[in-house]
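I'm keeping these notes short as I click my way around. Here is what I have open on the screen.

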Amino acid sequence: MKRKDLPSGDVLCNHCTARCCRYFALPIDTPAEWKDFDNLRWFMLHGRISVFVDQKTWYLVVHNDCRHLQSDNLCGIYSDRPEICSDYSTKDCEFDNDFVYDKMFETPEQIEEYAEAVLPQKKPRRQKTQSLGLPILNVPLAEPVSHERLGHSHSIPNRGEGHGDPAATSAQELISV
Ligand code: SF4
Ligand code: SF4
């Protein structure tokens, strides 16, 4: 069904497979050197991770269903869903998004090939003495990541409103911004 064909009083989410509950995307720094691309490659080696660029901003996408998404595509915690979900609207949601971006990388190999094509220097050879330990983020205890920063990192709209229990909320409420 096309968005424009939605009957009056109906809710778009009733005709959707809950696309907005099946991933989240985080804006990331634009990669500029081999180490940046290699870090992206590492993320993507974990599977179900993609990277896209939209209007010059790079995003890391984690493709994973929300644990509260039910088999009927409705939200299992609708009345208590996170604010990022309740703030989201069907108005500009990805219901009919074609997911075409400026750049899209679906595999770690694609990221590496892109880096080889755009970076002036060759891929550095790995030093044999380099540590093979697991990467550990070094976050200073005196400066914890703030809620404000976390909030900003979720700035791409990716959580739908209105795919909860239709009986619990009127259609008018569901489609309001
Ligand atoms: S609305 Fe939010 S909490 Fe509910 S299923 Fe979707 S992502 Fe999960
Ligand atoms: S808000 Fe989410 S579930 Fe509702 S129509 Fe849009 S993408 Fe689908």
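Which residues does D102 touch, not counting residues up to four places away in sequence? I looked it up, and the contacts are V53 and D54. I should jot down early that this is a predicted model.

**Entry: around D102.** I found D102 in the loop between α2 (83–86) and β4 (103–105). I then checked how far D102 is from D54: they sit 48 residues apart in sequence, yet their C-alpha atoms are 5.5 Å apart in space. Is D102 buried or exposed? I counted 11 other C-beta atoms within 10 Å of D102, and 12 or fewer counts as exposed, so D102 is exposed.

**Entry: the cores.** Next I went for the largest nonpolar core, which has 9 residues. Its members are A25, F37, L40, M44, I49, V51, V61, F105 and I111. I checked which elements give two or more residues to this core, and those are α1 (34–44) and β2 (49–54). The most comes from α1, with 3 residues. I picked F37 for a closer look: leaving aside neighbours within four places in sequence, F37 is in contact with P31, I111, E112 and A115. I also found a second, separate core of 5 residues, with C20, C21, C85 and Y88 among them.

**Entry: ligand 1.** How many residues surround ligand 1? I got 11, and the closest are C21, C66, C75, R81 and C85. Sorted by class, I have 7 nonpolar, 2 polar and 2 charged residues in this shell. I noticed that C21 and C85 turn up twice in my notes: they are among the closest residues to ligand 1, and they belong to the second core.

Definitions and conventions
Residues numbered from 1 in each chain as written. Chains lettered and ligands numbered in written order. Predicted model: local features only at pLDDT ≥ 70, side-chain atom pairs only at ≥ 80, totals over all residues. Near = placed C-beta within 6 Å. Nonpolar A, V, L, I, M, F, W, Y, C, P; charged D, E, K, R; others polar. Helix = DSSP H or I, 4+ residues; strand = E, 2+ residues; numbered from the N terminus. Buried ≥ 20, exposed ≤ 12 C-beta atoms within 10 Å, placed from the backbone. Contact = placed C-beta atoms within 7 Å. Core = buried A, V, L, I, M, F, W, Y, C linked by C-beta atoms within 7 Å.
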